[in-house]
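Hi everyone, thanks for making time. I'd like to walk you through one model today, so let's put it on the screen.

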Amino acid sequence: MSALGRVVRSGVGRRRVQTAVIGLATAMAVAAAVLGGSLLTASAAPFDHAFDDQHGAHLSVRVDGEKATAAQVEASTKASGVTAAAGPFATVTAAARDKDGHDLPPLTVVGRADPGGAVDAVTLLTGAWATGPDQIVLSSDAPVGVDPSRSPLGRQLAFPDLPGSPTLTVVGLARSVSRTAGAWVAPSTIARLTRPGSTAGFQVLYRFAAADTAEQVEAGRAAVTAGIPAEAVSGTRSWLTLRQEAARETALLVPFLVAFGVLGLVMSVLIVGNVVAGAVGAGLRRIGVLKALGFTPAQVVRAHVAQALVPAAIGTAVGVVAGNLVALPVLAETRDLYGAATAAVDPLVNVVVVAAALVVVAVTAWASAWRAGRLRTVDALAVGRTGGPARGRLAAALASRLPLPRSVTLGLSRPFARPARAVAMLAAIVFGAAAVTLAVGLAASLTEVQSALDHDTADVTIGSPDLRLPPGVQAVQGPDGRTISRVPDTADRAAIDAAIDAQPGTLAHYSKATRPVVVAGLSSPCPVSGFTGDVSFAGYRMISGRWFTAPGEVVVPSTFLTATGTAVGDTAALDDQGRSVVVRIVGEVFDTRDDGMGIFTDAATLSDLKADSYSIAVRPGTDVAGYVTALDSALRPQSTTAEAATSRGTSDTLLLIAGITATLTLVLVAVAGLGVLNGVVLDTRERVHDIGVHKALGMTPRQTTATVLSSVVLVGLVGGALGVPAGMALHGEVMPAMARAAGTGMPSTVFTVYHPAELVLLGLGGLVIAVLGALLPAGWAARTRTATALRTE
Amino acid sequence: MTTPVIELRDVRRAYDDGPPALHDASLTVLPGEAVAILGPSGSGKSTLLNLIAGLDRPDSGTVTVAGVRVDRLGEAASARYRRAKIGMVFQFFNLLDDLTVADNVVLPAQLAGMARAEARKRAAELLGALGVDRHADTYPGRLSGGERQRVAVARALVNRPPLLLADEPTGALDSASGEEVSALLAELNADGQTIVVVTHDLALAKSCTTRTIRLVDGHVDDDLTAGTAR
């Protein structure tokens, strides 16, 4: 082995603590960078990636099987501009009923022999593809109550209205980015799901040579439908529409993930650079010895770069594995939200992070060692033997006058003796505290968002206040498994009001009726919610303006204002079943249901609105179950029932964000703590002789621990004090960006979530990170044997 | 009968698999004695000093100092023992560069919980008595070797320990400074301070101690009173 090789090997082996810290810091930083980088790539056009992965359909066309022949449809796949096609697949719309007898919303069922193909290669998330006559594969987007926490496999779906009342068993759950079906069955099963006297339709999926613009997709549509009778084309859907919908759904998450991703990457570079620079700087005396033995500056540099790269390479390997392990569950969650097909870390992220980590280590080690290599040998040899520069003496003198135990004041002034190291630790703590502040702020904001979205809160309901029923349908099972019902048309509304008023436990109540109206300038109708009674407890949050107080006044969500180009104070013309009604917009309300296009007003604004539901708040201390029983008997003549309102729970998106926030915060705090650990390790190693002197003079292990821990107190407090406003500023950027991306305004309570006491606690979080980071070296210092420490140069 | 300040009985200490650094070592030091431990490198002098100072523990045997069984102490207890029972003076002074002379001297007193004002008063007395009071607010790096060692002696005495341990106290000094320190130790002993000096300097042993113990290969070879060690 060459002399250089021996030096590198002995350097790695003898300086075990620093070798371990470099390895650990690199591992943590690489893990954080893999996670951060993965989130950034996952957040970059997730729909486009998923669409590419699945060879999504640029256009899906549904053809009426009674008005076109299979040959005509087949021929369309050869049309000009078509690069690939799938189908024709037989398709029907069928309404199933679950085992509890609840009607489920109608499903588009497609007969496909397998999930793959040149277009719309469906991803099977769990289970198997449907091959038998009694098997069905549900889409993860199916509106039939797919509960993500429970396996859908084995669920029975009955079709009682069809001949033979077929019952199919769910054998798989799949995702189509092109959203081509609510469920898939074997082609032969379609016949069993087709009503007598009708013919199954065809579904054809196309990819075009050019489909980037609406015009290009339209040209493709014209080409493929040219050979099919116009009246036979019962529906087409462009991938551009899907992409727009997907963007709206995922936009909320992107600014949040980008913020955490960038934080992770910046911290990784900071920590690795700091650790390596510190380690090389701490080896100055050794460099002096090597030069005295005849090593050239270039050899010294090479030796130290190699010494840093050996543990860094091991740390990088460990970090990549750890980063992938941490990233996978997070990515699986983002995949579900983004509707992406895969949840694997992009290999490019791994490659880039590994290369970047090693380059950062090599460059930092090279820069530090180059500086050290140029030191005069005699100066390098003197390091550690002579007193260091007289930095921090004033601070030490001032600290010694503080009315605190000497073991504490000895530590308090340490940052001033090593300002560069203290600044590096400070930066790590600032980032960590900022991450925690951002996370706490996001959690509070999202709780506010949830609470603001969770309106129509009540103790007791009659009918479902959050109605999603097609006209004429009395009750269905909602996507989350709850039964959605309405008060029957035949019920006497005045009698219901009287029955509620007659209950002694009633505190307040209101009724709500919903009817679609056409708004001038909009192509799709907007649902109007007409209220009667005291709506004050319903929990609607205003973004601007006020709640309506009289018929003719309405409040609308931000999306409505944007879509109609109106503002609070403007009027809007509604077409209500052919009758024109002019209303004044008096407020902007926070509501994202109905794509943010709902209109909220007094029931008297529209004529003949019949309440679909009632929401009741009971007096404090009222036995809700007893109240419901009593009200139920009073409502019996009206053929409707009351029920205790159940919590709708937190939305999946918000739960997902909360989960990701917790994971990311933990990783970032760990990285920040490692930055402190590194600084304190270098400091205690450098001062081991002084520690020995302290101990020889009677410093107990506990006092030694106190000295080391107090050496990070100032840095922790200042880091917290700087990190908290930084985190708040980041929150101030991220939340509005999330709101903008989601296309809605938000109530001010969503942005102003930090309370003074909480800020103090968050500021102390910097101290906690600092102390946690210093614990290990403090314990090491406390355990160091005095005689050994005194012998250390 | 006078209780010994130091009593070692059949002490043995070995490191790793090597020959014992100290074996069958027994030693008694009475109050007011000034004892020099002499011996060449590797004779076990430092091991003996570390055992008395509670910096190390014997493999067997007992070490009792000022009534304390030092060989049984844990880390925290031995730190408290050092504060209360011994003062240490080192070859290379071991003053803390970032503290002033006065702050160096008061440090052991403050670690022991003495009020700052009281500790500073005591330090001022000692620095005055040792002739370095004009350097109280100076940093150690600016002092001569002899002055630094005087400061170190002041620091060792700040808690009024019954025993002063000195490890080659003149080893890093020029001859003039060495003589000054030697005289200082003799003076302290004359005032009743029990002193143990570890050295290989026979002249120092002669000038400031009343008894000389010679260590050879880890055991006590000679134990001579003043005037007989030559």
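A quick definition to start: when I say helix, I mean a DSSP run of H or I that is at least four residues long. And please keep in mind that this is a predicted model.

Let's begin with the membrane annotation. An unreviewed UniProt entry marks transmembrane regions in chain A, among them residues 21-40, 348-367 and 708-730. Over residues 21-40 of chain A, the chain is 100% helix and 0% strand, with end C-alpha atoms 28 Å apart. Residues 708-730 of chain A come out at 91% helix and 0% strand, and there the end C-alpha atoms lie 32 Å apart.

Now to α10 of chain A, residues 347-373. How far should its 27 residues span at 1.5 Å a residue? The expected span is 39 Å, and the end C-alpha atoms are 38 Å apart, which agrees. Buried residues in α10(A) include A:Val349, A:Val353, A:Ala357 and A:Val361. Remember that an α-helix has 3.6 residues a turn, so residues three or four places apart point the same way.

On to the interface. Here 26 residues of chain A are in contact with 25 residues of chain B. Together the two chains bury about 2400 Å², 56% of it on carbon and sulfur atoms. On the chain A side, A:Arg393, A:Arg406 and A:Leu697 lose the most area to chain B, together 28% of what that side buries.

For the polar part, there are two salt bridges between chain A and chain B. One of them joins the side chains of B:Asp56 and A:Arg785, at 3.1 Å from N to O. And which element gives the largest share of the chain A side that touches chain B? That is α20(A), with six residues.

Terms used
Residues numbered from 1 in each chain as written. Chains lettered and ligands numbered in written order. Predicted model: local features only at pLDDT ≥ 70, side-chain atom pairs only at ≥ 80, totals over all residues. Heavy atoms only, no water. Helix = DSSP H or I, 4+ residues; strand = E, 2+ residues; numbered from the N terminus. Expected span 1.5 Å × (residues − 1). Buried < 20%, exposed > 50% of the residue type's maximum accessible area, 1.4 Å probe, protein only. UniProt positions renumbered as here; feature names shortened; annotations may be inferred. Contact = heavy atoms within 4.5 Å. Buried area = accessible area lost by both parts, 1.4 Å probe. Salt bridge = Lys/Arg side-chain N within 4 Å of Asp/Glu carboxyl O.
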